[in-house]
Amino acid sequence: MDVVVDCLKGKKVGVAVSGGMDSMALLHWLIHNSENLGITLTAINFDHNLRETSYQDSLFVMEYCKKHNIPCLFYNLDIDKSQNIENAARQARYEIFRKLLESKQVDYVATAHHAQDNAETVLLHLFRGSGLKGVSGIQYKTPEGIVRPLLYTPKEDIEKYVQENNVPYVVDETNLKPDYDRNFIRLEILPKILQRFPAAVKNINEFSKTAKLDDDFINQFIKPFEAKNGEVFIPLEFLEQPPSIVNRTILESLKTLGAERDIEQKHIERIKSLKQKRSGARLDIKNQIIAVKDYGGITLTRFKQYNLEDFSVGFEPADTKLPTGLVKVQVLDQAPPENFLKNSKDQYIDAEKLPKGCVFRYRRAGDVINKLGGGGKAALKEFFIDKKIPARKRAYIPVLAKDNNVYAILGLTVSEDVKIDPKTQTIYKLTYLEDDNG
């Protein structure tokens, strides 16, 4: 059995062991070679609570480890069955792996993925519309410390090793049902492919290696757009670059918003399609991430679910928490220099000109503002359009208003009605700090 373990020598190794043939073969091999490799072993076992017999499998693993004086870490998982169960179970396992690695309980976590697993992964990603990264298959070693020593070992070699060494194992009956996508490929698709093309698994794995080399090379030229205030802005002119650069940049930019998994080529194509649409057009992408055609580009952001229609809070010279941020109101007895006013994002209003009964709220039908500088009254919507404020942002910008008269748009402007002048004696300074919560 071909086991690649160079990186494990002299390390503390956690071995993910389900009790199935593959993981038991890996554990058996590592136990019998641990002295030569200078490694310290710890088994890691999970009960996903998805089968009535699952705990029996865990007991089998724990008894085997006890017999061979190997510590066994057991985790009883509570999987959210409303999600994709395969993904939810995998995420739960890998979160535990991450914690074990970060806490230095182990230096590496070894899993028993083998050549056929990798071929299945390549096909699964291909069928789902993945790009070059997806068809690169499973990584032999991740930056976090997950390693797959059997990744390029054929399944038949593992079966032979188990038989020759009398390695005990259990059978997970759910692996024999084609209900899940991976099982469908394993049980229905690959056997038929192998009947016609016996070297298919080997060749798929060689293809995945080549794909990874090419993907790694192209990724040297990728620099994602950074998220600012929970948003990523992609200029329209950037979309004119070669598609291989554009696609990867969008993918990496999505990651800055927390979209680490399940982003496929179709999602990227949908984002690029906004280039041809009108300003304000919006598409839901994945996991509450939306893409919006804005002025001069496309904005990627997380959908903010606020109920702002009936929100209002009375104005007072204090710190006031709003659904979208914090507004600080200070009382000044003199105005800052004029050049400071021009460059400041704060608003300064004449305290005596501000009517009593004003509130902080969000836009409502019929709102108007007397534009600063003598531009006359304008509907709030017209003001936003004139200032090229994206439509998706307008509902989340707080205003200071009484009835339908707006006296300040936080972070943007004040009304001509309340501007300070040489006769102003008391000033309210408004500082708006928008939440950076994506």
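Helices and strands here are DSSP runs, with helices being H or I runs of at least four residues and strands being E runs of at least two, numbered from the N terminus. With that in hand, the place of glycine 296 is easy to give: the loop between strand 8 and strand 9. The legends below walk through a predicted model, one view at a time.

**View 1. The whole protein chain is more spread out than a compact globule.**
Let's start with the overall picture. The protein chain holds 12 helices and 20 strands. Its radius of gyration is 30 Å, well over the 22 Å that the globule rule gives for 438 residues, so the chain is more spread out than a compact globule. Along the principal axes, the C-alpha trace spans about 95 × 45 × 40 Å. Of the 438 residues, 45% count as buried. If you look at contacts between residues at least 6 apart in sequence, 70% of them join residues at least 24 apart.

**View 2. Helix 1 has a kink centred on isoleucine 31.**
Here we zoom in on helix 1, which runs over residues 21-37 and has 17 residues. From its first C-alpha to its last, helix 1 reaches 23 Å, close to the 24 Å expected at 1.5 Å a residue. The kink in helix 1 is about 40°. Since 13 of its 17 residues are buried, helix 1 is largely enclosed by the rest of the structure. Just after the helix comes glycine 38, with a positive phi near 70°.

**View 3. The largest nonpolar core brings together 32 residues.**
Stay with helix 1 for a moment and look at what surrounds it. Leu8, Val15, Leu26, Leu30 and Leu41 are the residues with the most contacts inside the largest nonpolar core. Two or more residues each come from strand 1 (12-16), helix 1, strand 2 (40-47), helix 2 (54-67), strand 4 (108-110) and helix 5 (155-164). Helix 1 gives the most to this core, with 9 residues. Apart from this core lies another, of 24 residues, and among them are Ile222, Ile234, Ile245 and Ala259.

**View 4. Leucine 8 touches five listed residues beyond its sequence neighbours.**
For a closer look at one member of the largest core, centre the view on leucine 8, which is among the residues with the most contacts there. Leaving out residues up to four places away in sequence, leucine 8 touches Val13, Ile39, Tyr108, Val147 and Pro149.

**View 5. The buried residues of helix 9 lie on the same side of the helix.**
Helix 9 covers residues 265-273, and its buried residues are His267, Ile268, Ile271 and Lys272. They cover an arc of only 135° around the axis, which puts them on the same side of helix 9. What covers them includes helix 8 (243-255), strand 7 (282-286), strand 8 (289-294) and strand 9 (297-302).

**View 6. Strand 7 holds isoleucine 285 and lysine 286.**
These two residues make a handy pair to inspect. At 8% relative accessibility, isoleucine 285 counts as buried, because the cut-off is under 20%. Lysine 286, at 28%, counts as partly exposed. Setting aside residues up to four places away in sequence, isoleucine 285 touches His267, Arg270, Ile271, Ile290 and Ala291. Isoleucine 285 and lysine 266 are 19 residues apart in sequence and 9.4 Å apart in space, C-alpha to C-alpha. For lysine 286 and leucine 254, the separation is 32 residues in sequence and 9.9 Å in space, again C-alpha to C-alpha.

**View 7. Glycine 296 sits in the loop between strand 8 and strand 9.**
With 42% relative accessibility, glycine 296 counts as partly exposed. Not counting residues up to four places away in sequence, glycine 296 touches Phe233, Pro235, Leu236 and Glu237. Glycine 296 and isoleucine 234 are 62 residues apart in sequence, and their C-alpha atoms are 8.6 Å apart in space.

**View 8. Asparagine 69 and lysine 388 each have a positive phi without being glycine.**
Asparagine 69 lies in the loop between helix 2 and strand 3 (72-76), and its phi is about 60°. At 69% relative accessibility, asparagine 69 counts as exposed. Lysine 388 is found in the loop between helix 11 (380-386) and helix 12 (391-394), with phi near 55°. Lysine 388 is exposed too, with a relative accessible area of 55%.

Technical notes: Residues numbered from 1 in each chain as written. Predicted model: local features only at pLDDT ≥ 70, side-chain atom pairs only at ≥ 80, totals over all residues. Heavy atoms only, no water. Buried < 20%, exposed > 50% of the residue type's maximum accessible area, 1.4 Å probe, protein only. Arc of directions from axis to C-beta. Contact = heavy atoms within 4.5 Å. Expected span 1.5 Å × (residues − 1). Bend = angle between axes of the 7 residues up to and from the residue. Core = buried A, V, L, I, M, F, W, Y, C linked by side-chain atoms within 4.5 Å. Rg over C-alpha atoms; globule rule 2.2 N^0.38 Å.
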